[in-house]
Amino acid sequence: MLRADDLVFAHPGQPASYRFTLEAAPGQVTAISGASGSGKSTLLDLLAGFVHPASGRLTLDGVDLLPLAPEARPVSLLLQADNLFEHLSAEENARLGLPRGTPKAEAQERVASALAEVGLAGFAGKPAATLSGGQKQRVALARTLLRARAVLLLDEPFSALDDETRRTTRDLVGELTRRHGWHTVLVSHHADDIAALAEAHYRIVEGRLERV
Ligand SMILES: Nc1ncnc2c1ncn2[C@@H]1O[C@H](COP(=O)(O)OP(=O)(O)OP(=O)(O)O)[C@@H](O)[C@H]1O
């Protein structure tokens, strides 16, 4: 279980502070909604370690995450767009999820398997710049698979996609979350995405997370 207990944070120069408490279970999508400017990205930044709370606790299965730098946290982050290096191929982008020094043959096999799992077998050599928005998100998910981190943070990951692609990409996120036991935290202001995907839903109101 990913748990945030009373994480207190204020942006420099802002008088009001946030106080976030939430639980995100493995194999489930936990949705976060809230008005523009309510603090959704700030919450993800706290979970990822890009900003530090003044007080509170953040644990994954009892392990304290707060002392860990962002790259040492068991956390992957997927944004609305711009998740890939455009000049690299699908395969090269996905491979960035593997530890440096992974033997070449093993890396090729694991990248091919991850691309197949996200429905992109046959796309390995394509430059990212030539992929559609949905295909790019799938490559980013393949990289996340290879990273094998227990927490996946998604910041409006379907917003740049057309309706049909958003449904299939959304279904894929749900499948991968269940299959790999990810603690997936989805920031979205789309009620239909939340209804289709999330087992739990919090809304940010006046700096607090309210269970919906
Ligand atoms: N680095 C910063 N310094 C000061 N204030 C900031 C900083 N980053 C964000 N804020 C402010 O904190 C508040 C919350 O911002 P945040 O980006 O977390 O909201 P959000 O809910 O993700 O909004 P949106 O839905 O519009 O993306 C906003 O009022 C924003 O202006």
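**Cores, helix H5 and the ligand shell**

The largest nonpolar core holds 33 residues, and those with the most contacts inside it are Ile 32, Leu 47, Leu 153 and Leu 186; such a core is a set of buried Ala, Val, Leu, Ile, Met, Phe, Trp, Tyr and Cys residues joined through C-beta atoms within 7 Å. This is a predicted model, in which local features need pLDDT of at least 70 and side-chain atom pairs count only at pLDDT 80 or more, while totals for chains, interfaces and linings use all residues. Residues are numbered from 1 along each chain as its sequence is written.

**Cores**
- Leu 47 touches Ala 4, Leu 58, Val 75, Leu 153 and Val 185, leaving aside residues up to four places away in sequence (contact: C-beta atoms, placed from the backbone, within 7 Å).
- Apart from the largest core lies another, of 17 residues, among them Ala 94, Ala 114, Ala 128 and Ala 142.

**Helix H5**
- Arg 166, Thr 169, Arg 170, Val 173 and Thr 177 of H5 are buried (20 or more other C-beta atoms within 10 Å of a residue's own; exposed means 12 or fewer, and partly exposed lies in between).
- These residues cover an arc of only 105° around the axis, which puts them on the same side of H5 (the arc is that of the directions from the helix axis to the C-beta atoms).
- The face turned away from that buried side carries the exposed residues Glu 164, Asp 171, Glu 175 and Arg 179.

**Ligand shell**
- Among the residues surrounding the ligand are His 11, Gln 14, Lys 40 and Thr 42 (near: C-beta atom, placed from the backbone, within 6 Å).
- Helix H1 (residues 40–48) gives the most to this shell, with three residues (helices are DSSP runs of H or I, at least four residues, numbered from the N terminus).

Methods. Helices (H or I, at least four residues) and strands (E, at least two) are DSSP runs, numbered from the N terminus. Two residues are in contact if their C-beta atoms, placed from the backbone, lie within 7 Å.
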